[in-house]
Amino acid sequence: MFEAIAEAASMLRNDRKLNKDLRVVIISGEGRAFSSGLDAKGVALSGPKSSLNKLLKRPSGYGGDDGVGNLAQDVCYLWRKLPVPVIAVLHGYCFGGGLQIALGADFRFSTPDCKLSIMESRWGLIPDMSASIVLRELVRIDVAKELTMTGRIIDAVEAESLGLVTRCVDDPMEEAMKVAREIIARSPDSVAASKELFQTTWMEADDATCLEKETTLQLKLIGTWNQAAAAGRQFGINLPYWNK
């Protein structure tokens, strides 16, 4: 499963034929849950010289020349590297590694009764699938510590109040499709630049770096076909966008 997810994210990022018309990615789970979690018990009991070596070898190779994560981390982290928004649709349960995969998305829409947990502490482990990056962007440090140390199960309504869930709705897939349609109506260049802007400046960049990044990205957009097409749509002129 790790390889399949990492390969999918890598292909969506790097395969030009595949991603030529890609505008939004939606990830969801089939059956009764988004994810009931990885086999943490099996990992904990397997020992350090088993298949863990493949999961923890750094870099995994799926991140390309600038890859920094191991395989376990890249199934979550690589979604952040796509130039298009990634939406996670949650229902049922979203535990452990499954939650970390969802946190790697740009948005998370969930049913109100979905249960979420950073469950690794129940097996004497820590969340090591990029949780140290995604959690700091979404919740206060005391909240991250409490949820991690206790492994407490919360519902999506509480998760929304904490910042882990973007929005609770009765039909999260319908909401994901609605937001996806709204995003598709915008310039793909503007959307990609928006994601890059916040992804690269949100936490640790100083003011000068943030302001410079805004200008750099804006100059790449001004005067392009897609910028003109976006502006034209405000006046009822529906020109098609061009995917590079």
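In this predicted model, four strands form an open sheet in the order β1-β2-β4-β7, and the pairing within the sheet is parallel. The edges of the sheet are occupied by β1 (25–28) and β7 (167–168), each of which has a single partner strand, so that one side of each is left without a neighbour in the sheet. Strand β2, which covers residues 86–90, runs parallel to strand β4, residues 107–110, and the two are joined by four bridges. Within this pair of strands, Ile-87 is placed opposite Phe-107 of β4.

Helix α11, which spans residues 188–201, contains Lys-195. This lysine has a relative accessibility of 10% and therefore counts as buried, since the cut-off for a buried residue is under 20% relative accessible area. When neighbours within four places in sequence are left aside, the residues in contact with Lys-195 are Trp-79, Arg-80, Leu-82, Val-84, Pro-85, Val-86 and Asp-106. Among these contacts is Val-86, a residue that falls within the range of strand β2, given as 86–90.

Two features of the backbone are found in loops. The peptide bond that leads from Arg-58 to Pro-59 is cis, with an omega near -5°, and Pro-59 itself belongs to the loop that lies between α4 (52–56) and α5 (71–77). In the loop between β5 (115–117) and α7 (131–138) lies Ser-130, whose phi is near 85°, a positive value in a residue other than glycine. Ser-130 also counts as buried, because its relative accessibility is 7%.

At the surface, a nonpolar patch of about 600 Å² is made by Trp-225, Phe-235, Ile-237, Leu-239 and Trp-242. One of these residues, Trp-225, has its place in helix α13, which comprises residues 225–233, and with a relative accessibility of 48% Trp-225 counts as partly exposed. Helix α13 also holds Ala-231, which is likewise partly exposed, its relative accessible area being 32%. Between Ala-231 and Gln-73 there is a separation of 158 residues in sequence, and their C-alpha atoms are 39 Å apart in space.

Methods
Residues numbered from 1 in each chain as written. Predicted model: local features only at pLDDT ≥ 70, side-chain atom pairs only at ≥ 80, totals over all residues. Heavy atoms only, no water. Buried < 20%, exposed > 50% of the residue type's maximum accessible area, 1.4 Å probe, protein only. Contact = heavy atoms within 4.5 Å. Pairing = 2+ DSSP bridges. Patch = residues over 30% accessible without salt bridge, like charges linked within 9 Å, V, L, I, M, F, W, Y side chains within 5 Å. Areas by Shrake-Rupley, 256 points an atom, 1.4 Å probe, with all protein chains shown as cover. Salt bridge = Lys/Arg side-chain N within 4 Å of Asp/Glu carboxyl O.
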